[in-house]
Structures are given as structure tokens and as C-alpha cells.
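Hi,

Here is the structure I promised to pass on to you. Have a look at it first, and my notes on what turned up follow below.

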Amino acid sequence: MSTAQATKNCITLKGSAQIIVEYLKYGINSILFQRGIYPAEDFNNTQQYGLTILMSKDPKIQTFLENVLSQTEEWLSKNMIKKISMVITNAHSKEVLECWDFNMQAELGDGDSSDPTKLTTTKELSRIQNEIRDVMRQISATVSYLPLLDCICTFDVMIHTLQNTELPAKWDETGAIVIQNPQAVQLRSFSTGLHKVDTVVNYKMST
Amino acid sequence: MDDIRSSIDDMMDRFNESITHSAPKKLLFNRLSASFDLGASPKKRRLERESPERSLNASATSLNSSANDPLGFLENSKLRTELIETKATVIQLRNEIEQKSREHRKALMLAENKSTALKEQCDITSKKFLDVQDEIKTLQNREMAFKNEASRTTIELNRLKLKHDEAMMKLQREKYLQDEDSRNAHLCINNELAEYRRIAQRSDLELQSTRSELDRLRQRHEEFKARVSGFEELRANHEKQTQSLKVANDRIQELEFEIQSYCDWKEVTKTSQERLASVPDLLAEVERLRSHNKHLNTLIGDKLLLEEQVHDYKTRLDREEGARAEAASLQVKLVHVEQELKEWVKVAQDHCLANTLVSPMALRSRIEQLLKEDIIHVAEKTSSDSDTKHLQTTVRDLEQKCAIYLKNIEDLNIGLKRHKNFKERLQRKLITVSKERDFYKQLVENFDKDMTMSNASVADMTQDMQVRYRMEVLERTVTGYKDMCATLEREIQAMRQQELLNEPAGEGYDSVKKELDTLRLENDRLRRRKEELELEMMHRCLRGDFNMKDLKVVHFNENPAAEAYESSKNMMEKLQAEIERLKRRNKKLEDDQEQRLNETTSTGGMTLNFKEFNQLRAELESANGKMRKMKDCFKAAREEFRDVCYMLLGYRIDRIGANSNYRISSMFAEGPDDYLDISLNESNCLALLESPYSHTFNPPIDQQLAASNFPAFFSALTLELFQRATVTMT
């Protein structure tokens with residue numbers, strides 16, 4: 001009995017945050033490729049979740065994502081994040097054209113829930129990865145109905161944290177994101193047992 | 001430290017002293033207080049002080065008591081009481097002493113505790129003092145180290161200063177050198193400029209000379225033109241002459257053709273005459289052959305007839321056999337058909353009318369009749385279907401009507417009930433009214449009786465009886481009034497209730513319906529509103545911005561968006577600057593062009609320039625044509641020269657590649673691969689390169705070449721190859 005318990009699969013808050021950050025990394029890169037924000041020759045093939053995902057080769061983007069995601073992981077493990085938005089804007093007019101929202105909902109898990117900092121879940125990693133794979137597939141399928149981005153675009157990652165969050169160096173507070181004439185499409189959601197992640201794409205409806 | 005300890009010891013001594021000195025004072029005070037408390041103690045002390053004497057006296061008296069008994073007894077008793085008194089005072093004093101000693105002990109204990117605590121504190125402070133001393137030592141060490149370091153750094157600083165000064169010196173020296181260099185460069189540039197000026201002057205001179213040359217060339221060109229016109233005239237004359245020559249030649253040829261045709265005609269007539277002479281013989285032969293031919297034709301016809309007959313017989317035989325087989329099959333078929341016919345006849349008999357003749361026509365007519373009936377049935381069926389549908393629709397309509405009627409009936413029933421209720425109420429009212437009437441009647445009767453009693457039976461009845469009777473009657477009327485009141489009150493209550501119940505009903509079904517409709521509308525409206533709000537809520541949920549107050553949006557400073565904005569801004573600025581620059585340049589160019597245009601129009605040399613240009617172009621074309629012709633000429637001459645060399649000397653020499661490599665192949669070589677490669681050095685020396693053919697020589701080629709030079713070697717080789725070729729030929 002004791003050995004069975006010892007080998008039991010167990011995900012902590014930190015592990016859950018890691019899984020989500022990994023998803024965000026691949027998701028954001030995939031969106032960058034699929035939406036054509038950077039030229040296709042700037043991307044490399046990688047295998048993840050049983051899919052071929054294209055990752056940016058640009059060192060600037062890599063370092064940016066590394067910085068943002070490491071901070072995100074720290075905040076996620078303390079359940080301080082409500083939403084992460086990847087905003088695609090027109091580089092010249094700064095107009096927001098698309099906003100990919102990753103809504104985070106904290107869950108209690110199925111372990112001992114007396115101490116909120118030591119929650120655990122026994123959800124299997126393969127199951128979580130399968131769920132993530134479905135979402136990634138949907139992300140690549142969105143190209144068929146999202147409007148064409150026919151201008152030079154750029155992106156930014158904005159994090160909706162609690163008011164009492166202390167900001168580290170090089171982090172700024174910014175305003176809310178507003179899309180003119182928005183249209184929202186919810187993709188599948190996945191859960192690590194401790195966090196539930198909903199992926200929603202808001203885009204500007206062309207009139 | 002020792003000072004502190006000594007001071008603490010002093011304090012302790014002072015404290016102990018104070019304790020020891022204060023003790024008697026305290027005692028005094030206590031005694032005073034005790035004396036104050038007791039009040040009677042001075043007397044006692046006096047007694048006490050007197051008591052020894054007294055006791056002595058007492059003892060004396062006791063001794064004397066035996067002598068004088070009554071006095072002695074009194075004294076004795078007095079002494080005894082004194083003794084008891086003194087004993088009591090002794091005990092009291094002892095207790096006081098004990099108490100004081102206890103207090104003294106307590107004070108001592110307290111003092112000791114305080115002293116131990118102070119000692120401990122002293123130890124701690126001494127320890128601390130030691131620590132502080134250690135720290136001071138370490139700090140002093142550090143200070144020393146820092147001082148050393150400071151001295152070292154000052155030394156280093158001095159060294160660096162020196163270095164810096166040296167570097168300064170060096171740099172100044174370099175600066176001087178560079179200044180000199182720049183001066184040199186300046187001079188050089190000036191020299192070069194002077195040279196360039198000289199070159200420019202020279203080029204100007206050259207330009208002038210070329211211009212003069214060009215003028216000369218122009219003159220010569222005009223001369224040539226004049227010559228060309230003369231030449232063209234000559235050419236025209238020549239062409240005329242050649243044309244007349246051609247015409248003459250054509251005429252000569254025509255005449256020659258005529259002569260030839262005449263000769264041919266002569267030959268033809270000769271041969272035809274010969275043929276005419278041999279005609280009768282030929283006719284005889286033709287007749288003979290014709291007869292022979294006829295005979296052969298008859299023979300062939302007979303043979304064909306016989307063959308036809310044979311074929312005819314054969315076909316007849318085949319047909320007869322087929323007919324026989326067919327007859328057998330037909331017989332079988334006939335039997336079948338007869339059976340079938342019988343069956344058909346039976347069927348016809350079954351189906352036709354009894355008195356009619358059985359025949360196919362009858363059967364057909366019967367079938368037609370049946371079909372017609374069938375059609376009629378089908379038509380009837382469709383009509384009945386439509387009827388049923390119609391009926392069903394009517395039934396549905398009726399059902400709907402029925403439902404409406406049922407509703408009406410229900411409404412009417414409700415109305416009826418209401419009316420019944422109303423009727424009941426009316427009846428009840430009627431009853432009450434009738435009761436009232438009865439009551440009033442009774443009342444009237446009573447009054448009448450009263451009247452009669454007062455009038456008629458006064459005499460009969462006594463006053464008392466009268467009063468009693470009247471009392472009873474009055475009581476009855478009072479109870480009747482009470483009953484009436486109660487019933488009326490009850491009725492009023494019932495009426496009120498009914499009013500409350502029936503008021504809405506009384507207003508009617510329509511008002512309720514209206515209210516219901518309005519309520520329904522409102523319900524629908526609210527439901528729609530609810531759905532809208534739910535949708536909005538869902539949208540909000542999707543966007544996740546419902547409680548934005550609790551959240552703040554943050555982002556990383558160095559994001560790609562910011563960079564892109566910055567770069568786009570820079571690019572915009574750059575582009576705008578370039579636009580400005582280009583605008584300026586454009587303007588400048590436009591101004592220049594205008595100036596130039598003005599210049600050209602003012603000088604009027606534009607057309608002249610064009611003419612010159614065209615002329616030069618024509619010259620270039622003619623020069624190119626000349627060159628091409630020369631090339632062709634040269635190629636032809638070269639080919640000829642090569643062929644002649646090959647034929648005369650027996651070797652073909654090909655130049656290979658851009659370098660001066662040559663391939664030499666002999667006329668008498670056994671194959672195209674037998675060649676030798678030779679290259680010309682920079683020092684104009686010939687050198688033989690290796691080739692597959694060069695390996696085939698029996699004494700190595702180098703030896704042969706060493707023995708003789710190239711022409712001798714090649715002539716020897718030619719001879720050898722020629723001999724070999726001729727030997728193989730022979």
C-alpha cells in the first residue's frame with residue numbers, strides 16, 4: 001500500500017504552473033506562426049504534444065517570452081493571475097486587431113485542501129497533454145475563419161494580476177485592451193486539476 | 001571594570017550599613033508605636049522598673065507574710081497579680097522580639113537576593129566589556145589594515161598618475177606626428193591637385209586637337225560623298241548595260257529552244273510513218289486473238305454455270321434440313337399453343353357472360369370493361385380521399401369551433417354560477433326581507449293588541465298581569481330586534497365578502513383577460529431582457545473582464561510591440577526626412593533643367609547637336625560593318641592558310657584554351673587520339689606536355705628531343721608514320 005502511494009502521480013501548484021507556462025510558450029509561438037506576424041522562415045519545427053509546432057528562431061522573441069513566462073510561472077504558482085492576454089496590434093497605428101485571452105481559474109485539486117499553498121492533484125500528465133493538444137489543434141484551425149492580417153503587425157503579452165501584486169523591475173502597469181467591434185470565439189479548455197485554462201480569441205470584425 | 005566592581009561593592013556596603021543602622025531605629029519606632037498602641041505601658045514600665053524592688057519586697061513580704069498574716073495575704077495576692085502581670089509583659093516582649101528578628105531576617109534575605117542579582121549583572125556587564133574590548137581590538141586591526149591599504153592605494157595612484165602622464169606625453173607626441181602627417185598629406189593633395197589641373201589642361205588641349213581633327217574628317221567625308229555620287233552614277237550606267245545584256249541572252253536562249261523543238265518534231269514524224277506501214281498485219285493478228293478470246297469466254301461461262309448449279313443444290317439441301325427441324329419444333333410448339341389456347345378459352349368462358357359467344361373480342365371487351373370499371377373505382381377512390389380530407393379539415397374546424405364553444409360554455413357556466421350565487425343572495429335577502437316583514441307585522445299586531453288591551457281588557461285584567469304581559473311582549477320584540485340585528489350584521493358581512501370576491505368578477509372576464517395579456521407581454525419582455533443579459537454575461541465571461549477593479553494589467557517593458565512601435569516611428573521619421581531631401585533635390589533638378597533649357601534655347605545649338613549625333617551614329621554603323629567584313633575575310637584566309645599548311649607539312653596545329661597550348665596531330669596518324677601537346681613558356685621556349693600518345697614512343701620522346709630539336713623530330717616522325725601507313729597499304 002505504501003509503495004503504491006509513493007509511486008502515485010501527483011501535481012503541485014508549481015508543477016501546474018509549469019505545465020501552463022509550457023502551453024503558453026507553444027501556444028504563443030504557434031499563434032505567431034499561424035497568424036503570419038513574423039515571416040515563415042523565422043520558425044523552426046519542433047515536436048510537442050504529438051504535434052509539429054513551429055517555434056520562432058528570433059533571439060529577441062525567445063528572450064522576451066522567457067522573461068515573461070518565468071514571471072508568469074511565479075505568479076501562477078501563487079494563484080495571482082486571472083488572465084493572460086496576447087495582443088496583436090497594428091505596428092503603425094497601434095490599433096488592437098486581435099486578442100488571445102487565456103483565462104485562468106484556480107481549482108482545489110483532489111488532494112488535501114486544508115493548506116491553500118500545498119494543493120495537489122492526481123490528474124495524469126498524459127491526459128492533460130491530450131487536452132492541450134486538442135486546444136493547439138483548434139488554434140491552428142482558427143486561421144480558416146479569422147480575418148486576414150494585411151498590415152505589419154506586432155504582439156505583446158499582458159497579464160491581469162491582482163491589485164496587490166508587486167511589480168518586479170522592467171514591468172509596467174498598462175491600460176485595458178479595447179477592440180473595436182469585437183467578436184469572441186471560445187476554444188476548448190483544459191485543466192491541470194489546479195488550474196483551468198480557457199482559451200478565447202477576440203478579433204475585430206471587419207465591417 | 002574594576003572601578004565598576006568597586007563602586008558596586010561600595011554601594012553594597014552602604015546598603016548593609018544602612019540596614020544595620022536602621023534596625024535599632026526601627027526597633028525604637030516599633031517600641032514607640034507599641035507604647036502608643038498599648039497606652040498603659042508607661043505605667044507598666046514604671047511598675048516594671050519598680051517591680052524588682054517590689055519583687056524583692058514581695059519576697060521579703062512573703063517572708064514576712066508568715067509573720068503578719070492578714071496584711072501578708074493581701075500583699076501576697078497583690079504580688080501574685082503583679083507577678084502574673086509581669087509574666088504577661090515578658091511574654092509580650094518576647095513575641096515582639098521574635099517578630100522583629102523575623103523582620104530582620106526577611107530584610108537580610110531581600111538584601112542578599114538583591115546583591116546576588118547585582119553580582120550577576122556585574123558579571124554580564126564584565127563579559128560585555130570584554131567583548132567590546134575584543135571588538136575594539138579587531139576594529140583597530142581593521143583600521144591598521146585599511147591604513148595600509150590606503151597607503152598602498154596612494155602609491156598605486158601615484159604610479160597611475162605617472163603612467164597617465166607618460167601616456168599623455170605619448171599622445172601629445174602622436175598628436176604632433178599626426179599634425180605633421182596631415183601637413184604632409186595637405187601638401188601631397190595640393191601637389192596632386194596641381195597635377196590634376198595640368199592633366200585637365202592637357203585634356204583640354206587634346207579635346208581641341210580632336211575637334212580640329214573631327215573638322216578635317218568632316219571635310220574628307222564631304223569629299224568622299226562627292227566621289228560616292230560619281231560612283232553611283234557609274235554603277236547606274238553599268239546596271240543599264242547589264243540589263244540590256246540579259247535581254248539579249250534571253251532572246252538567244254529562246255531561239256535555241258525553237259531549234260531544238262523543230263528537231264524533235266522531225267524524229268516524231270519519222271517514227272509515226274514507220275508505225276503506219278505495219279498496221280494491216282497487226283489487224284489480222286487482232287482478229288485471230290479475238291476469236292480465241294471468244295472461245296475461252298464460252299468455256300469459262302459453262303464452268304461458272306455448273307458451279308452455280310452445284311451451289312444451288314447444296315443450299316436447297318441445307319434449307320430442307322432446317323425446314324424439317326423447324327417443322328418438328330413447330331409441331332411441338334403447336335401442341336403447346338393449342339393447350340394454351342384451350343386454357344385461354346376456359347378463362348374466357350369463365351369471365352365472359354353466359355349467353356355470349358366465347359371469343360377473343362369478347363374477352364378483350366370484357367377486359368376493357370373491367371379496366372374502365374377500375375378507372376372509375378380509382379377516380380372514386382381519389383374523390384373519396386379528397387372528400388375524407390375535406391371532411392377531416394371540416395372535422396378539425398368543427399373541433400376548433402367545438403373547443404371555442406366549450407370555452408364559451410365554460411364562460412357561460414361561470415356566468416351562470418355567478419347568476420346562481422346572485423339568485424341565492426337575492427333569495428336570502430328575500431327571506432330576510434320576508435322575515436322583517438313578518439316581524440314588522442308582529443310588531444304591528446303587538447301594537448294593535450296593546451291598543452286593544454289598553455282599550456278592552458283593562459277591566460278584565462289586573463294591573464300587574466297587564467304589566468307582566470306587556471313586559472313579555474316587549475322582551476319578545478327586543479329579542480326579535482336582536483335577532484334581526486344579528487342576521488342583518490351577518491348579511492352585511494356576507495355581502496362585504498361577496499363584494500370583495502365578486503368585484504373583479506363583476507367587472508368581467510374581459511378585464512382579467514386584458515390584465516393577463518399585459519402580464520404575458522411583460523413576461524415576454526422580461527424573458528427577452530433576461531436572455532440578452534445572459535448573452536452579455538457570457539460575452540463578459542468570455543472576455544473575463546467582469547471585475548476589472550480588482551485586477552491590474554501589467555506587461556513586460558521590453559516587448560516586441562514597443563520595439564516595433566519605436567522602429568516604425570524611427571522609420572517614419574527617416575522616410576519623412578528622405579522625402580524632404582528628395583523634394584529639395586527634385587526642386588533643384590527642376591531648376592537646373594529650366595536653366596539648361598534656357599541655355600539651349602538661347603544658343604539654338606540643339607538641332608545641330610542632333611544632326612551631329614545622327615551622323616556619328618551612321619559612321620559607327622558603317623565602321624561596324626567594315627569590321628565584320630574584315631573579320632569574315634580574315635576567317636576565310638585563316639582557314640585556307642591552315643589547310644595549306646596541313647597539306648604541305650602534314651601536321652594540324654590547334655590552339656587549345658586561352659593559354660598558349662597547342663595540339664599537334666599528324667596527317668598519317670592512326671587515329672584521332674594520336675596527338676602531342678606542346679605549350680609555349682613565358683620565355684618563348686617550347687615544352688612538350690605528356691599525352692597518352694607520347695607514351696607510345698619506343699625510345700622515350702625526351703631522348704629523341706634531346707638528340708634533335710622540334711622540326712627534326714617532327715620530320716622524322718612524319719617519315720616514320722608515312723612508311724608505316726604505306727607498308728600497311730601494300
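Between the two chains, 38 residues of chain A are in contact with 22 residues of chain B. Please keep in mind while reading that this is a predicted model. The area buried between chain A and chain B comes to about 2900 Å², and carbon and sulfur atoms give 60% of that area. If you want a place to start on the chain A side, try A:Q163, A:K170 and A:D172: they supply 19% of the area that chain A buries against chain B, more than any other three residues.

Aromatic residues also come up where the two chains are concerned. One aromatic cluster is formed by A:Y38, A:F64, A:W75, A:F155 and A:W171 together with B:F556. There is a charge over a ring as well: the charged end of A:K94 sits over the ring of B:Y565, at 4.8 Å from its centre.

Now to chain A by itself. Its secondary structure comes to four helices and ten strands, and from the N terminus on the elements run α-β-α-β-β-α-β-β-β-α-β-β-β-β. Of the 207 residues in chain A, 47% are buried. Among the contacts in chain A with a separation of 6 or more, 71% are between residues 24 or more positions apart. The accessible surface of chain A is about 10300 Å², and 48% of it belongs to carbon and sulfur atoms.

One residue you may like to click on is A:S85, which is in strand β4 (residues 81-90) of chain A. Is A:S85 buried or exposed? With a relative accessible area of 0%, A:S85 falls under the 20% cut-off and is therefore buried. Its side chain makes a polar contact with the side chain of A:D101, at 2.8 Å. Leaving out residues up to four places away in sequence, A:S85 touches eight residues that you can select by name: A:C99, A:W100, A:D101, A:D156, A:V157, A:M158, A:H160 and A:I177.

Back to the rings: the structure holds 16 aromatic pairs over all chains. One of them is A:Y23 with A:F102, an edge-to-face pair with 5.8 Å centre to centre and 90 degrees between the planes. A:Y23 lies in helix α2 (residues 13-34) of chain A and A:F102 in strand β5 (residues 96-106) of chain A, so this pair ties together parts that are 79 residues apart in sequence. Both A:Y23 and A:F102 are buried.

Chain B has a pair of this kind too. The ring centres of B:F439 and B:Y481 are 5.0 Å apart and the planes are at 75 degrees, so the pair is edge-to-face. This pair links distant parts of the chain, with B:F439 in helix α5 (residues 360-455) of chain B and B:Y481 in helix α6 (residues 463-507) of chain B, 42 residues apart. B:F439 counts as buried at 10% relative accessibility, whereas B:Y481 is partly exposed, with a relative accessible area of 37%.

Last stop in chain B: B:R652 lies over the face of B:Y646, at 4.6 Å from the ring centre. B:S665, in strand β3 (residues 661-666) of chain B, touches both B:Y646 and B:R652. Other residues that B:S665 touches include B:G650, B:Y651, B:D674 and B:Y675. At 18% relative accessibility, B:S665 counts as buried, because the cut-off is under 20%.

Enjoy exploring it!

Terms used. Residues are numbered from 1 along each chain as its sequence is written. Chains are lettered from A and ligands numbered from 1 in the order in which they are written. This is a predicted model: local features need pLDDT of at least 70, side-chain atom pairs count only at pLDDT 80 or more; totals for chains, interfaces and linings use all residues. Side-chain values use heavy atoms; hydrogens and water are left out. Rings of Phe, Tyr and Trp (its six-membered ring) pair if their centres lie within 6.5 Å; planes under 30 degrees apart count as stacked, over 60 as edge-to-face and the rest as tilted. Helices (H or I, at least four residues) and strands (E, at least two) are DSSP runs, numbered from the N terminus. Buried means under 20% relative accessible area, exposed over 50%, partly exposed in between (1.4 Å probe, protein chains only). A charge sits over a ring if NZ of Lys or CZ of Arg is within 6 Å of the ring centre and within 35 degrees of the ring normal. Contact means heavy atoms within 4.5 Å. Accessible areas come from the Shrake-Rupley method with a 1.4 Å probe; for residues, only the protein chains shown count as cover. A polar contact is a pair of N or O atoms within 3.5 Å; within protein, one must be able to donate a hydrogen and the other to accept it, and residues adjacent in sequence count only if both atoms are side-chain atoms. Buried area is the accessible area (1.4 Å probe) that two parts lose on being put together, summed over both.
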